[in-house]
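I opened this structure to look up how its sheet is put together and what became of its cysteines. My notes follow in the order in which I looked things up.

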Amino acid sequence: MGAIVSALAFPVPDRRMSTDYLLDRQDQLVKLRTKSGLSVPAYSIMVKSSTSGDTKANATRLFTVIYSHGNAEDVGLSIFHLDRMAEVCDCNILAYEYPGYSISDGEPSEQNCYEAIRAAFDYVTNTLMVDPANVVLMGRSLGSGPTVDMASCELAKNVGGVILQSPLESGIRAVMGFYPSYGLYPLDIFRNYAKVHLIRCPVFILHGTDDRVVPCDNGRALYSTLKQRECHVDYEPKWIPGRGHNDMPEGECLDACRKFLLFLKKEQQRT
């Protein structure tokens with residue numbers, strides 16, 4: 001049964017589809033190594049300073065978004081969207097790959113995803129020397145799992161913010177609803193509902209109201225839990241009427257993310 005859950009959770013795209021995209025951007029690829037020794041690529045976009053042309057100057061001025069993609073896509077297939085995000089949101093981006101996807105080592109699993117995002121966080125904070133306060137963790141769909149796990153741990157307690165697009169409460173709650181998640185608890189994966197309250201920074205949720213893959217009730221439930229935090233800094237979620245899981249309006253979503261980053265910057269200046 002556990003193997004069936006994993007197969008449903010990780011419908012890996014044909015690796016050949018994205019290999020060419022990634023190899024065409026080799027100058028922007030970073031090789032990360034997970035705790036288990038797996039090699040995973042990450043696509044890095046470092047915005048150059050308009051005055052000096054130096055990327056390091058902007059590592060402290062701009063937010064760096066660590067991006068976790070959805071389950072039926074990979075970093076190579078996301079490149080053009082990531083390029084657009086960096087442009088619209090005026091941010092640096094490190095989009096890491098999951099083991100078993102595109103040109104990475106290993107097999108996809110919940111634990112391997114957690115190890116991959118930790119390798120990405122380590123690279124951003126210890127190699128690029130980005131202050132965690134200037135790091136924003138963003139996850140789409142299944143990517144909300146590693147994002148919430150990372151954001152809720154002690155290591156990432158000081159990150160600047162979190163963005164969750166079409167997030168799931170858990171693997172089973174996304175597919176079967178609330179009550180089956182208790183009877184099938186040992187088989188459930190990415191139990192965001194049990195961790196999201198531990199996140200200490202502002203969180204922005206976007207979700208389509210007509211989502212049939214990860215119903216919008218998942219996003220609403222996570223937001224309800226977030227509001228109960230003692231440290232809660234409220235930021236209004238964006239429920240997008242008439243939109244599903246894979247037809248979220250890119251321009252509208254990116255503009256909303258841009259506004260959230262501006263909000264975070266104002267919060268930093270205020271405190």
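Which residues of β5 are buried on one side, and which on the other? Before answering I note that this is a predicted model. On one side I find V135, L137 and G139, on the other V136, M138 and R140, and all of these are buried, with both faces of β5 covered. The count agrees, since six of the six residues of β5 are buried.

Next I looked up the sheet to which β5 belongs. I find eight strands in an open sheet with mixed pairing, and their order is β1-β2-β4-β3-β5-β6-β7-β8. The edges are formed by β1 (29–33) and β8 (238–240), each of which pairs on one side only. Ignoring direction, I note an average turn of 20° between neighbouring strands of this sheet.

I then followed the neighbours of β5 on either side. With β3 the pairing is parallel and runs over five bridges, and I noted that S68 has G139 in β5 as its bridge partner. With β6 the pairing is likewise parallel, over five bridges, and here R140 has Q165 in β6 as its bridge partner. Between β5 and β6 the chain passes through α6, and I record this β-α-β crossover as right-handed.

At the far end of the order I checked β7 (residues 203–208), which pairs with β8 in the parallel sense over three bridges. Within β8, W239 is the residue that stands opposite H207.

Which helices pack against these strands? Helix α5 (residues 110–127) lies across β1, β3 (64–68), β4 (92–96) and β5 (135–140), and its direction is at about 150° to β4. Helix α6 (residues 144–151) also packs on the sheet, where it touches β3, β4, β5 and β6 (161–165) and makes about 150° with the direction of β5.

My last entry concerns the cysteines. How many disulfides are there? Counting a disulfide as a pair of cysteine sulfur atoms within 2.5 Å, I arrive at zero. For C231, the nearest cysteine sulfur belongs to C201 and is 8.3 Å away, so by the 2.5 Å cut-off C231 is in no disulfide. Is C231 buried, partly exposed or exposed? I enter C231 as partly exposed because its relative accessibility is 35%, which lies between the 20% and 50% limits. C113, by contrast, has a relative accessibility of 0% and therefore counts as buried.

Definitions and conventions:
Residues are numbered from 1 along each chain as its sequence is written. This is a predicted model: local features need pLDDT of at least 70, side-chain atom pairs count only at pLDDT 80 or more; totals for chains, interfaces and linings use all residues. Side-chain values use heavy atoms; hydrogens and water are left out. Buried means under 20% relative accessible area, exposed over 50%, partly exposed in between (1.4 Å probe, protein chains only). Two strands pair if DSSP finds at least two bridges between them. Helices (H or I, at least four residues) and strands (E, at least two) are DSSP runs, numbered from the N terminus. Axes are lines fitted to C-alpha atoms, for helices over the stretch in contact, and angles run from 0 to 180 degrees between N-to-C directions. Contact means heavy atoms within 4.5 Å. A crossover is right-handed if, with the strands pointing away from the viewer, the path from the first strand over the helix to the second runs clockwise.
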